[in-house]
Amino acid sequence: MKAIAREEEYQWHLSIASQLSLGDDLSTLGCSLEAHRSVVTAITSFALSPDDYPAAVGRVIALGDDTDTLAAMTGALCGAWGGIQCVPAHLLEMLEDGEKGRSYIHDLASQLYSAYMATRPEI
């Protein structure tokens, strides 16, 4: 991926991220609002534990600073990878269920997954 990145900030962050493993401190990647200080961090946290939503999201929350953005990006990656079942049920139950609340999100996720499955090539 580093070869694809054109900007030096991303190249550096991707270079560092490629050397990290589970248990390493992600704070060197950054956790602020700037994309080069948050996107790579969220992707790395997801990549270190793609099947463990609480660990991936908790890891970026523990970094501090712009935790809401980092947690949202990391959680979205986990959800895209593992589906709604990867999100702990107790967290889903905490979502309000208004016009665009829990039920809306669940239905939208189901529709997106169905659309993906309909266009996915046979393996």
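**Exercise 1. The chain as a whole**

Among contacts in the chain between residues at least 6 apart in sequence, what percentage join residues at least 24 apart? Describe also the elements and the extent of the chain.

*Solution.* The structure is a predicted model.

Step 1. Of the contacts between residues at least 6 apart in sequence, 45% join residues at least 24 apart.

Step 2. Gly23 and Leu48 illustrate separation along the chain: they are 25 residues apart in sequence, and their C-alpha atoms are 8.8 Å apart in space.

Step 3. The chain contains six helices and zero strands, and its elements run α-α-α-α-α-α from the N terminus on.

Step 4. The C-alpha trace spans about 40 × 35 × 25 Å along its principal axes. The accessible surface comes to about 8,200 Å², and 58% of this surface belongs to carbon and sulfur atoms. Buried residues account for 28% of the 123 residues.

**Exercise 2. The surroundings of helix 2**

Determine how many of the ten residues of helix 2 are buried, and which helices these buried residues pack against.

*Solution.*

Step 1. Helix 2 covers residues 39-48. Its buried residues are Val40, Thr41, Ala42, Thr44, Ser45, Phe46 and Leu48.

Step 2. Because seven of its ten residues are buried, helix 2 is largely enclosed by the rest of the structure.

Step 3. The partners in this packing are helix 1 (8-17), helix 3 and helix 4.

**Exercise 3. Three loop residues**

Decide for Gly23, Ser38 and Ser49 whether each is buried or exposed.

*Solution.*

Step 1. Gly23 lies in the loop between helix 1 and helix 2. Its relative accessibility is 71%, so Gly23 counts as exposed, the cut-off being over 50%.

Step 2. Ser38 is in the loop between helix 1 and helix 2 as well. With a relative accessible area of 2%, Ser38 is buried, since the cut-off is under 20%. Leaving aside neighbours within four places in sequence, Ser38 is in contact with Ser32, Leu33, Leu70 and Met73.

Step 3. Ser49 belongs to the loop between helix 2 (39-48) and helix 3 (53-61). Ser49 is buried, with a relative accessible area of 10%. Not counting residues up to four places away in sequence, Ser49 touches Leu22, Ala55, Ala56 and Arg59.

**Exercise 4. The nonpolar cores**

Identify the residues of the largest nonpolar core and the helix that gives the most to it.

*Solution.*

Step 1. In soluble globular proteins, nonpolar side chains tend to be buried together.

Step 2. The largest nonpolar core has twelve residues: Cys31, Ala42, Phe46, Tyr53, Ala56, Val57, Val60, Leu70, Ala71, Cys78, Cys86 and Val87. Helix 2, helix 3 and helix 4 (67-82) each supply at least two residues of this core. Helix 3 gives the most, with four residues.

Step 3. A second, separate core has seven residues, among them Leu14, Ala17, Val40 and Leu48.

Step 4. Val60, a member of the largest core, touches Thr41, Ser45, Thr67, Leu70, Ala71 and Thr74, not counting residues up to four places away in sequence.

**Exercise 5. Two cysteines**

Explain why Cys78 and Cys86 do not form a disulfide.

*Solution.*

Step 1. A disulfide is a covalent bond between the sulfur atoms of two cysteines. The cut-off applied here is a pair of sulfur atoms within 2.5 Å.

Step 2. The closest cysteine sulfur to that of Cys78 is in Cys86, 5.8 Å away, and this is too far for a bond. Cys86 is likewise in no disulfide. The count for the structure is zero disulfides.

Step 3. Both cysteines nevertheless count as buried: Cys78 has 0% relative accessibility, and Cys86 has 16%.

**Exercise 6. Features of the surface**

Find which residues form the salt bridge, and which form a nonpolar patch on the surface.

*Solution.*

Step 1. Side chains of opposite charge can pair when their charged atoms come close. The whole structure holds one salt bridge.

Step 2. This salt bridge links Asp97 with Arg102, whose closest N and O atoms are 3.9 Å apart. Asp97 is partly exposed at 41% relative accessible area, and Arg102 is partly exposed at 23%.

Step 3. Leu95, Tyr104, Ile105, Leu108 and Leu112 form the nonpolar patch, with about 430 Å² of accessible area together. Tyr104 is placed in helix 6 (residues 102-119) and counts as partly exposed, at 35% relative accessibility.

Key. Residues are numbered from 1 along each chain as its sequence is written. This is a predicted model: local features need pLDDT of at least 70, side-chain atom pairs count only at pLDDT 80 or more; totals for chains, interfaces and linings use all residues. Side-chain values use heavy atoms; hydrogens and water are left out. Buried means under 20% relative accessible area, exposed over 50%, partly exposed in between (1.4 Å probe, protein chains only). Contact means heavy atoms within 4.5 Å. A nonpolar core is a set of buried Ala, Val, Leu, Ile, Met, Phe, Trp, Tyr and Cys residues joined through side-chain atoms within 4.5 Å. Patches are made of residues with over 30% relative accessible area and no salt bridge: like charges are joined within 9 Å, nonpolar side chains (Val, Leu, Ile, Met, Phe, Trp, Tyr) within 5 Å. Accessible areas come from the Shrake-Rupley method with a 1.4 Å probe; for residues, only the protein chains shown count as cover. A salt bridge is a side-chain nitrogen of Lys or Arg within 4 Å of a carboxyl oxygen of Asp or Glu.
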